[in-house]
Amino acid sequence: MAQTRNVALEAQKVHQASPVAAAALGRLLTSAALLSADFKNAARIRIEVDGDGPIGRMVAEARSGGKLRSMIKNPQVSLPLRSDGKLAVGRAVGQNGLFKVTREEYDDAIYQGQVELVSSEIGQDLAQYYTLSEQIPSAVALGVLVGRDSWVQASGGLVVQALPGSGEYIGAVADRFSTLNHISHRLAEGDSVELLAEEVLSMGSLRWFDPEPLFYQCECNRTRSLEILSSLPREEIEELIKDQGVEVVCHYCHATYQFAPTEMEQLLDRAAD
Ligand SMILES: [Zn+2]
C-alpha cells in the first residue's frame with residue numbers, strides 16, 4: 001500500500017501539471033513506490049509510459065530510501081472529464097504504447113520488463129505488468145483525487161499479490177477493488193490505506209509492517225550535469241563554447257545549472273587527456 005498525497009502534490013507543483021496530468025503522474029509515482037516495496041534489492045525502479053495521447057512520454061522513478069521523482073512531456077494537457085465524472089487519464093496517456101519497468105539492483109545488474117498498455121489508466125497496466133512480466137497474478141487499485149481548486153487532494157494505491165497456487169483468489173480481490181468505489185475519495189475523506197486493505201481482504205487479523213516514508217526528491221546536481229555534458233561529441237562542446245556557455249535544465253525538477261565557456265574548455269582538455 002502506498003499513501004502518496006504529498007509526493008503527488010509535489011510532482012504537480014514541480015511540473016505545474018493540469019488536473020489530468022497530475023492524476024497521471026500521481027498514479028505512476030504510486031506504481032513506482034509499490035514496485036519498490038516489492039523489490040528490496042533494487043536501488044532504483046523506473047517506470048516509463050509512452051502512449052500516443054497528448055501527455056506524451058511520462059517517467060516515474062523510485063530510489064532506495066523512499067525517494068521518488070517524475071517527468072512528463074506535456075504537463076498542461078487539459079481534457080473534458082469522463083462521463084462518470086473522473087479525470088480522463090486513459091485518454092490523456094493514449095494507447096499503442098508500452099508500460100516499461102527498469103530495475104537497477106545494488107550490484108548494478110539491470111532488469112527490464114514491459115507490457116503493452118491495457119487501459120492506460122495506469123492501475124490496470126501495473127496489474128498487467130505484474131501478471132505477465134513478473135508472473136505474479138495481482139490486483140491493483142490506484143487513485144488520485146484532484147480538488148475543485150485543481151490541486152491534488154488525495155493519492156494512493158494498493159496491490160494484492162497471489163502466492164503460488166492461489167492465483168484464482170486474485171480475481172475475487174480485483175472484484176472487491178471495483179466495489180471499493182473511488183479509492184481516492186475514500187483517502188480524501190480521511191480513511192487510511194490500512195482500513196481499505198482490511199475492507200478488501202476481510203481476513204480478520206492482518207500483520208502490519210512498519211511504514212516507510214516517501215518523498216519527492218530529485219538527485220540532479222552540478223557535477224552530474226557536467227558529466228552529461230562531457231558525454232557530448234567534441235564538436236558540440238566546441239559549439240557551446242562559442243555560444244558563451246550552456247544552461248542544463250533537469251527534466252525531473254526543473255533545476256538549472258549554468259556552465260561558463262572556461263568550464264567547457266576544461267572538459268575538452270580532460271577529454272584530450
Ligand atoms: Zn533535478
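Which residue in E4 does Arg 63 stand opposite? The answer is Lys 67, and the way there leads through a sheet, its helices and two domains. What you have above is a predicted model, in which local features need a pLDDT of at least 70 and side-chain atom pairs count only at pLDDT 80 or more, while totals for chains, interfaces and linings use all residues. Residues are numbered from 1 along each chain as its sequence is written.

Let us start with confidence. pLDDT is the predictor's confidence in each residue, from 0 to 100. The protein chain averages 90, and 98% of the residues score at least 70. Confidence is highest in E4, at 98, and lowest in helix H5 (residues 167–179), at a mean of 75.

Now for the overall build. The protein chain has ten helices and eleven strands; helices (H or I, at least four residues) and strands (E, at least two) are DSSP runs, numbered from the N terminus. The radius of gyration of the protein chain is 21 Å, close to the 19 Å that the globule rule gives for 273 residues, so the chain is as compact as a globular protein of that length. Here the radius is taken over C-alpha atoms, and the rule is 2.2 Å times the number of residues to the power 0.38. Along its principal axes, the C-alpha trace spans about 65 × 45 × 35 Å. Of the 273 residues, 38% are buried. A residue counts as buried if 20 or more other C-beta atoms lie within 10 Å of its own, exposed if 12 or fewer, and partly exposed in between, with C-beta atoms placed from the backbone. Two residues are in contact if their C-beta atoms, placed from the backbone, lie within 7 Å. Among contacts between residues at least 6 apart in sequence, 61% join residues at least 24 apart.

Next comes the sheet. Six strands form an open sheet in the order E6-E5-E2-E3-E4-E9, with mixed pairing; two strands pair if DSSP finds at least two bridges between them. E6 and strand E9 (215–216) stand at the edges, each with a single partner strand, so one side of each is left without a neighbour in the sheet. Strand E3 (residues 58–63) and strand E4 (residues 67–72) run antiparallel and are joined by six bridges, with Arg 63 opposite Lys 67 in E4. Helix H2 (residues 19–38) packs on the sheet, where it touches E2, E3, E4 and E5, and its direction makes about 35 degrees with that of E3. Helix H4 (residues 123–133) also packs on the sheet, touching E5 and E6, and its direction makes about 120 degrees with that of E6. For these angles, axes are lines fitted to C-alpha atoms, for helices over the stretch in contact, and angles run from 0 to 180 degrees between N-to-C directions.

Further along the sheet, strand E2 (residues 42–49) pairs with strand E5 (residues 98–105) in the antiparallel sense over seven bridges, and Arg 46 has Thr 102 in E5 as its bridge partner. E5 is also joined by seven bridges to strand E6 (residues 110–116), again antiparallel, and Leu 98 stands opposite Glu 116 in E6. E5 and E6 form a hairpin with four residues between them, and Asp 108 in the turn has a positive phi of about 75 degrees.

Two loop residues beside H4 also deserve a look. Ile 122, in the loop between E6 and H4, has a positive phi near 80 degrees although it is a residue other than glycine. Ile 122 is buried, with 31 other C-beta atoms within 10 Å. Gln 135, in the loop between H4 and E7, has a positive phi of about 60 degrees and is not a glycine. Gln 135 is exposed, with 9 other C-beta atoms within 10 Å.

Is helix H1 (residues 5–15) largely enclosed or left open? Nine of its eleven residues are buried, so H1 is largely enclosed by the rest of the structure. Among the buried ones are Arg 5, Glu 10 and His 15. The buried residues of H1 pack against strand E1 (2–3), H2, E4, strand E7 (138–146), strand E8 (152–161) and E9. After H1 comes Gln 16, with a positive phi near 45 degrees.

Finally, the chain is divided into domain 1 (2–216) and domain 2 (222–272), with bounds that come from an automatic or database domain assignment. Their C-alpha centres lie 35 Å apart. Four residues from domain 1 and four residues from domain 2 make the contact. On the side of domain 1 that touches domain 2, the largest share, three residues, comes from E4.
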